[in-house]
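Subject: Two-chain model, with notes

Hello,

Here is the model I said I would pass on. My notes follow below it.

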Amino acid sequence: MSRRPRFRYLTVHAVLVYAFLFAPILVLVVFSFNEARSGTTWTGFSTRWYSALTGDEAVRRAFTNTLKVAVASTLLATVLGTFAAFALARHRFRGHRAYSALVLVSLVAPEIVMGIALLVFFRRVVDVPLGLGTVILAHVTFCLAFVIVVVRARLARFDESLTEAAADLGATPAQTFLRVVLPLAAHGILGGAILAFVISLDDVVITFFTAGPGSTTLPIYILGEVRRGVAPSINALSTIVLVASLAVLALGAAVTARAARRSDSPSTRSGRPVRSPGTHR
Amino acid sequence: MTRTRRRTEALRGHLLLLPTTLWLGALLIGPLLVVVAFSLGRRGINPPVRVDWAHPRLENYRRALDPDFLPIFLRSAGYAAAATLCCVALGFPLAYWIARRSPRYRTLFLVLAVVPFLTSYLIRMYAWQFILQRNGLLNAVLGAAGLGDDRAFLNTPGAVILGLTYGFLPFMVLPLYAAIERMDPSLVEASSDLGHGRISTFRRVILPSVMPGLVAGTLLVFIPALGDFVTPALLGGTRTVMYGSVIQDQFRGGGNNWPLGSAMAVLLMVVIMIGVIVELRRSEDGLP
């Protein structure tokens with residue numbers, strides 16, 4: 001019983017830290033609905049800054065660019081990263097450790113170093129003009145490691161007796177892969193894809209170095225505006241970006257939770273179920 | 001497993017890895033090596049860098065740490081270290097509190113701590129700029145409380161350290177939580193039953209078992225904080241320039257000195273790799 005008060009201190013501390021974490025974001029969201037032109041005096045509720053955004057050609061172009069980059073780099077990074085994760089999780093070969101080190105390098109390399117390395121490479125080694133293409137190449141490069149780590153973590157918990165059971169029951173390797181391995185890995189892959197999408201959506205530093213004049217993404221646009229000072233329409237734009245990334249994450253969490261439930265009971269899936277003594281967990 | 005099967009398996013593994021290997025080789029390792037090469041070069045007009053392999057220039061490295069830039073490097077390390085300490089001070093009690101919730105609520109509180117981190121770093125720094133600016137919310141609140149409403153919060157070391165702390169706090173909470181959760185709570189009870197006070201229990205029982213999480217969290221916060229240039233750009237000013245800002249300036253700013261910027265980037269990378277290697281040597285499981 002004597003420990004009780006200490007836990008109360010910790011609870012107060014926790015409440016304060018959560019307040020610290022959420023307050024700035026909430027302030028931004030609330031003030032994006034402020035009618036006033038200069039930030040901090042509340043003069044009334046208004047959506048004028050949101051309507052101002054819809055007519056802004058630069059914002060619309062940045063938005064389209066952001067989506068194009070995020071979709072393209074997520075697709076590429078997910079496919080390549082999933083291949084690599086399968087190789088690392090399910091095959092033994094020489095160079096395994098070296099490969100893990102390579103993934104680690106791309107996780108710990110500071111963004112600014114990766115950004116200038118890609119800038120130098122694109123401008124001086126291959127000499128391509130900076131544009132959406134170079135931004136997508138750059139985004140795939142830093143998203144790959146995240147996809148590999150997430151998918152690999154999922155595959156590490158994979159029960160190999162399932163594939164053996166499938167083979168014993170006469171499934172070809174291709175059938176085993178498509179009907180047993182892939183469904184079980186699916187929500188790891190989806191999780192990796194969502195992470196890649198959100199990271200690509202929010203990236204500033206690497207995009208800053210690899211984007212050209214016509215390939216401004218929303219974060220780069222916001223960075224430019226913010227460096228010139230605080231503008232109320234930026235509050236509205238920031239709110240939209242915040243809500244968009246949180247929506248993608250919530251959607252992803254919901255879908256993966258559903259996939260997790262489904263793969264936990266494979267016999268309830270439609271189609272011919274693969275039954276084996278190993279389906280229990 | 002027969003020898004042929006093992007060989008086919010290895011072959012399959014390499015085939016699956018091939019696209020990623022090519023990709024990371026061409027767009028990660030290759031460019032990093034180019035940066036190393038450029039750091040030994042000489043600044044030119046066209047092309048902007050000339051590398052004379054017979055006489056590699058170490059001049060850029062000397063310049064990167066000369067009296068113009070060494071203080072900036074040390075300042076960045078200081079800010080990153082201060083932010084790391086703040087993250088420990090805020091994150092350790094929080095992680096401990098979360099780990100002591102019932103399993104049902106643990107995930108919820110952990111997710112709550114991570115959610116802000118999953119939103120744009122830039123926007124979170126901008127939110128602080130909005131709050132800390134001269135006619136911002138903090139001054140308005142202080143003014144209403146009669147404490148004066150014209151304080152300069154932006155462009156101070158405190159603002160940059162606050163931003164870095166805010167930006168990377170979950171990186172500290174997650175590994176600390178993982179370490180605390182693995183710790184057996186009965187150890188703490190045993191320690192107090194054996195007559196240890198709270199401080200002694202913390203130092204002798206809790207601290208040793210959460211050390212791996214603490215080290216991992218320190219690296220995860222310190223590394224990105226050290227190279228950051230978004231936070232000093234938004235919350236800092238000319239007196240709080242960080243090394244990342246100087247590097248950026250050499251490539252996309254007024255500095256425009258690619259060999260010097262490359263040398264700075266290599267130095268930053270070396271410092272970080274030393275930290276990572278030390279951590280990997282120390283941790284038992286090694287590479288992820």
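How far apart are the end C-alpha atoms of helix H1 (residues 3-38) of chain B, and what would a straight helix reach? The ends of this 36-residue helix are only 46 Å apart, while a straight helix at 1.5 Å a residue would reach 52 Å. Please keep in mind throughout that this is a predicted model.

A bend is found within that helix. H1(B) has a kink of about 45 degrees at Leu18(B), shortly before the proline Pro19(B).

H1(B) also has a long list of buried residues, among them Gly13(B), Leu16(B), Leu17(B), Thr20(B), Leu24(B), Pro31(B), Val35(B) and Phe38(B). Their cover comes from both chains. From chain A it includes helices H3 (57-90), H4 (96-108), H5 (111-125) and H6 (132-156). From chain B it includes strand E2 (49-50) and helix H12 (258-282).

Two residues show this contact between the chains in detail.

Leu17(B) belongs to helix H1 of chain B. It counts as buried because 25 C-beta neighbours lie inside 10 Å, and the cut-off for buried is 20 or more. Apart from neighbours within four places in sequence, Leu17(B) is in contact with Ala84(A), Ala87(A) and Tyr99(A). By contrast with those contacts, Leu90(B), 73 residues from Leu17(B) along the chain, has its C-alpha atom 41 Å away.

On the chain A side, Phe93(A) sits in the loop between H3 and H4. Is Phe93(A) buried or exposed? Neither label fits: Phe93(A) has 17 C-beta neighbours inside 10 Å and so counts as partly exposed. Residues up to four places away in sequence aside, Phe93(A) touches Ala10(B), Gly13(B) and His14(B). Gly13(B) is also one of the buried residues of H1(B). Within its own chain, Phe93(A) is 113 residues from Ile206(A) in sequence, and their C-alpha atoms are 33 Å apart.

Now the interface as a whole. In it, 68 residues of chain A are in contact with 68 residues of chain B. On the side of chain A that touches chain B, helix H1 (residues 4-31) of chain A gives the most, with 12 residues. That side of chain A is made up of 50 nonpolar, 12 polar and six charged residues.

Next, the core. The largest nonpolar core has 155 residues, and those with the most contacts inside it are Ile116(A), Ala117(A), Leu118(A) and Ala95(B). Helix H7 (residues 157-182) of chain B gives the most to this core, with 16 residues. Ile116(A) is in contact with Phe209(A) from chain A, and with Val35(B), Ile247(B), Phe251(B), Gly261(B) and Ala265(B) from chain B, leaving aside neighbours within four places in sequence. Of these, Val35(B) is listed among the buried residues of H1(B).

As for the chains themselves, chain A has 11 helices and zero strands. Chain B has 12 helices and two strands, in the order α-β-β-α-α-α-α-α-α-α-α-α-α-α along the sequence. The radius of gyration of chain B is 24 Å, well over the 19 Å that the globule rule gives for 288 residues, so chain B is more spread out than a compact globule. Along the principal axes, the C-alpha atoms of chain B fill a box of roughly 80 × 70 × 35 Å.

Of the 281 residues of chain A, 41% count as buried; for the 288 residues of chain B the figure is 41%. Among contacts in chain A with a separation of 6 or more, 77% are between residues 24 or more positions apart. In chain B, 68% of the contacts between residues at least 6 apart in sequence join residues at least 24 apart.

Finally, two backbone details. Most residues other than glycine have a negative phi. Asp127(A) has a positive phi, near 50 degrees, and lies in the loop between H5 and H6 of chain A. Asp127(A) is exposed, with 9 other C-beta atoms within 10 Å. Asn155(B) also has a positive phi, near 65 degrees, and is placed in the loop between helix H6 (137-144) and H7 of chain B. With 17 C-beta neighbours inside 10 Å, Asn155(B) counts as partly exposed.

Regards

Methods. Residues numbered from 1 in each chain as written. Chains lettered and ligands numbered in written order. Predicted model: local features only at pLDDT ≥ 70, side-chain atom pairs only at ≥ 80, totals over all residues. Helix = DSSP H or I, 4+ residues; strand = E, 2+ residues; numbered from the N terminus. Expected span 1.5 Å × (residues − 1). Bend = angle between axes of the 7 residues up to and from the residue. Buried ≥ 20, exposed ≤ 12 C-beta atoms within 10 Å, placed from the backbone. Contact = placed C-beta atoms within 7 Å. Rg over C-alpha atoms; globule rule 2.2 N^0.38 Å. Nonpolar A, V, L, I, M, F, W, Y, C, P; charged D, E, K, R; others polar. Core = buried A, V, L, I, M, F, W, Y, C linked by C-beta atoms within 7 Å.
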